[in-house]
Amino acid sequence: GVIVKVMHPREAECAQRERMGIFYERARSPVMQDIERRVCGCDYGASSWTTRAEADALSELLGLKPGDQFLDVGAGSGWPGLYMGSQRGCDVTLVDLPIAGLRIASRRSLPECNGGRCFVTMADAAQLPFGLATFDALSHSDLLCCLRDKQEVLTSCRQVLRVSGRMALTVISLATGLTGLQKARAIEAGPLFVETSVPYPELLRETGWRVIEVQDLSAASIELCRQFIASDNERREALIEFLGQSDFDDRQSLWHARLSVLREGLLRRQLFVAKPIG
């Protein structure tokens with residue numbers, strides 16, 4: 001018979017961190033950077049679905065300016081937080097757990113801080129190691145759907161943000177009213193912890209946030225999937241040489257699966273802007 005190993009959530013998170021470490025190292029290759037520049041407009045080794053246009057919009061929504069203390073949680077190898085800080089001339093702190101991404105971000109931060117300062121910290125998003133009301137603005141891009149402790153992360157973010165500050169986050173979630181089969185397909189195609197106990201607006205309220213803006217980014221995400229599929233195929237030979245046929249096929253299958261569930265409305269991607277409840 002078939003033996004199925006069910007991973008404990010903590011085990012799954014550890015395995016995901018290991019995969020992300022490999023991803024950040026691979027993302028430095030010329031072929032991966034070329035694809036990222038074509039699709040996202042950056043070459044940081046982006047692990048979120050954030051494009052350059054979206055990063056610019058996030059900076060505007062947060063009102064980032066010189067002198068601000070800005071925190072990017074789940075910063076990976078620096079995208080989009082380092083870019084946002086450099087564009088706006090503010091001080092930026094990058095936080096994540098995979099050390100491989102942070103090392104890349106740290107090296108890149110030296111020539112890119114543009115008047116502001118950059119700090120890189122290895123820490124758990126659910127236990128941010130900063131004092132109360134330290135930051136003026138905070139963002140995380142497609143992070144909560146990859147973590148189990150969503151409430152703890154939002155609570156920790158609330159503690160380190162000033163009452164006058166703003167948080168912007170993008171997140172991928174399941175649509176409501178799905179059948180059992182639809183839900184299974186969406187979970188399979190989505191990030192590791194895409195399922196939530198309650199919808200994000202409610203989750204934000206429960207953790208001390210007042211939502212001031214919501215945008216549906218699903219249409220842009222559909223286009224992003226299409227562009228990744230097309231760009232992968234344009235660089236097919238070089239990508240197969242770098243990744244190997246099996247990993248290339250897996251990568252394409254995942255993009256096609258995500259495109260399918262997004263087009264059918266089973267998954268959605270949203271942007272929330274929120275302020276702490278005073």
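## Salt bridges and sheet packing

At 40% relative accessibility, Glu195 counts as partly exposed in this predicted model. Its salt-bridge partner is Lys183, with the closest N and O atoms 2.7 Å apart. The two residues are twelve positions apart in the chain: Lys183 belongs to helix α7, while Glu195 sits in the loop between α7 (180–189) and α8 (200–206). Lys183 is likewise partly exposed, at 32% relative accessible area.

In total, the structure holds 18 salt bridges. Three are listed below.

| Acidic residue | Basic residue | Closest N to O |
|---|---|---|
| Asp34 | Arg235 | 2.6 Å |
| Glu60 | Arg88 | 2.7 Å |
| Glu195 | Lys183 | 2.7 Å |

Asp34 is buried, since its relative accessibility of 18% falls under 20%. Arg235, by contrast, is partly exposed at 24%. Salt bridges with shared partners connect Asp34, Arg38, Glu234 and Arg235 in one network.

Glu60 is exposed, with a relative accessible area of 56%, whereas Arg88 is partly exposed at 24%. Because Glu60 lies in helix α3 (residues 52–62) and Arg88 in helix α4, their salt bridge ties together parts 28 residues apart in sequence.

Helix α4 (residues 81–88) also lies across β1, β2, β3 and β4, running at about 175° to β2.

These strands belong to an open, mixed sheet of seven strands, ordered β3-β2-β1-β4-β5-β7-β6. Strands β3 (118–122) and β6 (209–216) each have a single partner strand, so one side of each is left without a neighbour in the sheet. Within the sheet, β4 (residues 135–141) and β5 (residues 161–174) pair in the parallel sense over six bridges, and His140 stands opposite Leu169 in β5.

How values were computed. Residues are numbered from 1 along each chain as its sequence is written. This is a predicted model: local features need pLDDT of at least 70, side-chain atom pairs count only at pLDDT 80 or more; totals for chains, interfaces and linings use all residues. Side-chain values use heavy atoms; hydrogens and water are left out. Two strands pair if DSSP finds at least two bridges between them. Helices (H or I, at least four residues) and strands (E, at least two) are DSSP runs, numbered from the N terminus. Contact means heavy atoms within 4.5 Å. Axes are lines fitted to C-alpha atoms, for helices over the stretch in contact, and angles run from 0 to 180 degrees between N-to-C directions. A salt bridge is a side-chain nitrogen of Lys or Arg within 4 Å of a carboxyl oxygen of Asp or Glu. Buried means under 20% relative accessible area, exposed over 50%, partly exposed in between (1.4 Å probe, protein chains only).
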